[in-house]
Amino acid sequence: MSRRTVAVEPAIRVLDAIDDPVVLLDVRGTVLHRNRAACACLTAIVPDDRLPTCRQEDAERLAVELALCEATRIPFHKRLELQEGPTRLRFRGRGTRIEDGPGGRRCILLHLVPEQDRAPHIDEALDAAARREQAERERDQVLLRLYRANQEERLRLARDLHDQTGQHIVGLALGIRALEKHVSTPVGLAEIGQLRARLDEVARELHRIAFALRPTALDDFGLGAAVGRLLADWGVAHGIATDFEATGIAFDLASEVEITLFRLCQEALNNIGKHAACATTVSIAIHYEGSVVSLIIEDDGSGCVEEDLSAARLLARGKLGIVGMRERVGMVGGTFAIESLPGAGTTLVARIDQQGRQP
Ligand SMILES: Nc1ncnc2c1ncn2[C@@H]1O[C@H](COP(=O)(O)OP(=O)(O)OP(=O)(O)O)[C@@H](O)[C@H]1O
Ligand SMILES: [Mg+2]
């Protein structure tokens, strides 16, 4: 680092022309000069005073730092808390060693940059807000773990129902067919026919329950194909035109995100079937962008009054579908919005950011 050799007296005149507070100190922290700006903000400092740091140990630390700056010529760069009467002032101090000619006086030129002055109660409020945010993050993580555990349990139940109970039913059906060969009376055959019909019903019911626990289509085809298929089947059953599209670059979704979006489609289609009179077209779009996946479900049916869709009003009317959708999306850290206008259809939008989430 080059040695700065500056005549102190002319430097003092230059300092007075500077708008920022600058003080000239000797290495023990004695103030040799303060410029006008420093006089204005540090009225207690008078030439030959010591720089009034808040606490004794700060004053000592400052002296050490100044001596270090003087000895090593490394610019001093520290935070200072100065006591100005009853007020505490915070600065960032930047000091540079200067010399009054070769072998002359060595001084530290300290440039004080006031730090944003915050009242203590603002700091406390900020701390409290940070603690609250942390607590909310922890609660969200616990909820997510519970949600995942719940989904895993449902998946296990669905698998057990399909793989174990389902196999027993297949075995029973084969047994009935074998038994049929040994029965020749019309009454016996009729009984066996009834047994088989009831068993078919049990198999269908079992499949329905297993599907409700965990949509196997998700495992078999992935979200896009599963939703496309759900929508197409629904359209055929209701005689309504449907349109499905997936855009953007798809990425692997966490399984709870996939289930959430699939369930949203199921409930939205149920609602359209029940409430969206005169709907002629229903469209679903899944859009991937960066780490965000968005789901948009739109119908051109009768719509409804948007104010009636607030959680408070829905719960007061014993309605759980839309409230449940909002909660599900919130559980996986996403946002949910519903727009509706009487006579102009309804649109649902869910948006989930996968960033930092395990697929
Ligand atoms: N696509 C839609 N078109 C028109 N109105 C709708 C549509 N979806 C929802 N609604 C309105 O929003 C209300 C709330 O829907 P929500 O799914 O919460 O309850 P629900 O379907 O009536 O009952 P459930 O609790 O069984 O779902 C409905 O009663 C209906 O008035
Ligand atoms: Mg509903």
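Trainee: Which element gives the largest share of the lining of the largest pocket?

Mentor: That's helix α8, with six residues. Keep in mind that we're looking at a predicted model.

Trainee: And what makes a residue count as lining that pocket?

Mentor: A lining residue has an atom within 4 Å of a pocket point. In the largest pocket, 25 residues line it, and the closest to its centre are Asn271, His275, Cys304, Leu309 and Ile322. The elements that give two or more residues are α8, β8, α10 (321–331) and β10. The volume of the largest pocket is about 500 Å³.

Trainee: Back to α8. Where does Glu258 lie?

Mentor: Glu258 sits in helix α8.

Trainee: Why does Glu258 count as buried or exposed?

Mentor: Set its value against the cut-off: buried means under 20% relative accessible area. Glu258 has 15% relative accessibility, so we call it buried. If you skip its neighbours within four places in sequence, Glu258 is in contact with Leu218, Gly222, Leu223 and Leu253.

Trainee: How do you know whether Cys265 is buried or exposed?

Mentor: Do the same test. Its relative accessible area is 0%, so Cys265 is buried.

Trainee: Then why does Cys278 get a label, and is that label buried or exposed?

Mentor: For this one you need the other cut-off: exposed means over 50%. Cys278 has 68% relative accessibility, so it goes down as exposed.

Trainee: While we're on cysteines, how many disulfides does the structure hold?

Mentor: Zero. To be called a disulfide, a pair of cysteine sulfur atoms must be within 2.5 Å.

Trainee: Let's go to the sheet. In what order do its five strands come?

Mentor: The order is β6-β7-β8-β10-β9, in an open sheet with mixed pairing. On average, neighbouring strands here are turned by 10 degrees against each other, ignoring direction.

Trainee: What makes β6 and β9 the edge strands?

Mentor: Each one, β6 (241–248) and β9 (335–340), pairs on one side only.

Trainee: How do you know that β8 and β10 pair?

Mentor: Two strands pair if there are at least two bridges between them. Strands β8 (residues 292–299) and β10 (residues 346–353) have eight, in the antiparallel sense, so by that rule they pair. Among those partners, Leu295 goes with Ala350 of β10, and Ile297 goes with Leu348 of β10.

Trainee: How many bridges join β7 to β8?

Mentor: Eight again, and these strands also run antiparallel. One example is Ala285, whose bridge partner in β8 is Ile296. β7 and β8 form a hairpin with two residues between them, and in that turn Gly290 has a positive phi of about 60 degrees.

Trainee: What makes β8 largely enclosed by the rest of the structure?

Mentor: Count the labels: six of its eight residues are buried, so the strand is largely enclosed.

Trainee: Which strands does helix α8 touch as it packs on the sheet?

Mentor: Helix α8 (residues 255–275) touches β7, β8, β9 and β10, and its direction makes about 10 degrees with that of β8. Helix α7 (residues 223–238) lies across β6 and β7 (281–289) and runs at about 170 degrees to β6.

Trainee: Last one! How many helices and strands does the protein have?

Mentor: Ten helices and ten strands. Of the 359 residues in the protein, buried ones make up 35%.

Technical notes. Residues are numbered from 1 along each chain as its sequence is written. Chains are lettered from A and ligands numbered from 1 in the order in which they are written. This is a predicted model: local features need pLDDT of at least 70, side-chain atom pairs count only at pLDDT 80 or more; totals for chains, interfaces and linings use all residues. Side-chain values use heavy atoms; hydrogens and water are left out. Helices (H or I, at least four residues) and strands (E, at least two) are DSSP runs, numbered from the N terminus. Axes are lines fitted to C-alpha atoms, for helices over the stretch in contact, and angles run from 0 to 180 degrees between N-to-C directions. Contact means heavy atoms within 4.5 Å. Buried means under 20% relative accessible area, exposed over 50%, partly exposed in between (1.4 Å probe, protein chains only). On a 1 Å grid over the protein atoms alone, a cavity is a set of points where a 1.4 Å probe fits but cannot get out, and a pocket is an open set with protein on both sides within 12 Å along at least five of seven lines; lining residues have an atom within 4 Å of a point. Grid points are joined across faces, edges and corners, and a volume is the space filled by probe spheres set on the points.
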